[in-house]
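Here are a few short exercises to work through with the model open beside you. Try each task before you read its solution.

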Amino acid sequence: MFYSAYYSTEDYYVKITADPEIVKEKANDGYTDITYTYYTTGYDKTGKAKKLKLSSGDQMKKGQYYLIHWENRREIVSSKERVNEREIDQGIVKKLNQQP
């Protein structure tokens, strides 16, 4: 039980509206690691807002809605999934669409 609470996640809906910050790091073996970082506001299922810094090894599609499984303890994305606008409460969709 301790383990699951220790690394528990909360779900937030986001809409990607801006281009990411891109950081490229070259490893000693010559491999280049690319991290895409997005600064956005996510909304939980009750509509409560939270500022999120989403870092990912893959680029997220601009204009796309995502369900982010956010690990509060380490402030990281545990996982993410694309969602259709129809799967999200319309009050949350309205808030997401008002973001710049």
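## Exercise 1: the salt bridges

A search of the whole structure finds three salt bridges, a salt bridge being a side-chain nitrogen of Lys or Arg within 4 Å of a carboxyl oxygen of Asp or Glu. This is a predicted model, in which local features need pLDDT of at least 70, side-chain atom pairs count only at pLDDT 80 or more, and totals for chains, interfaces and linings use all residues. Residues are numbered from 1 along each chain as its sequence is written, and side-chain values use heavy atoms, with hydrogens and water left out.

**Task.** Find the partner of each acid, and work out where the residues sit and how exposed they are.

**Solution.**

1. Begin with Asp 19, whose salt bridge is to Lys 62, with the closest N and O atoms 3.4 Å apart. This pair links distant parts of the chain, 43 residues apart: Asp 19 is in the loop between strand 1 (9-15) and strand 2 (21-26), and Lys 62 is in the loop between strand 4 and strand 5 (65-71). Strands here are DSSP runs of E with at least two residues, and helices are runs of H or I with at least four, both numbered from the N terminus.
2. Next, Asp 58 meets Lys 80 at 3.0 Å, N to O. Here 22 residues separate Lys 80 in strand 6 (residues 76-83) from Asp 58 in the loop between strand 4 and strand 5.
3. Finally, Glu 71 pairs with Arg 74 at 2.5 Å, N to O.
4. Now sort by exposure: buried means under 20% relative accessible area, exposed over 50%, and partly exposed in between (1.4 Å probe, protein chains only). Glu 71 has 4% relative accessibility, so this residue counts as buried. Arg 74, at 46%, is partly exposed, while Asp 19, at 59%, is exposed.

## Exercise 2: a buried acid

**Task.** Which side chain of opposite charge is nearest to Asp 44, and how far away is it?

**Solution.**

1. Locate Asp 44 in the loop between strand 3 (32-43) and strand 4 (49-56).
2. Check the charges, with Lys and Arg counted as positive, Asp and Glu as negative, and His and the chain ends not counted. The nearest opposite charge is Lys 48, 5.8 Å away, and the buried Asp 44 has no salt bridge.
3. Look at the backbone too: the nitrogen of Lys 48 lies 2.9 Å from a polar atom of the Asp 44 side chain.
4. Leaving aside neighbours within four places in sequence, Asp 44 is in contact (heavy atoms within 4.5 Å) with Asp 11, Tyr 12 and Ile 92.

Note on methods
Polar contact = N/O pair within 3.5 Å; in protein donor to acceptor, adjacent residues only side chain to side chain.
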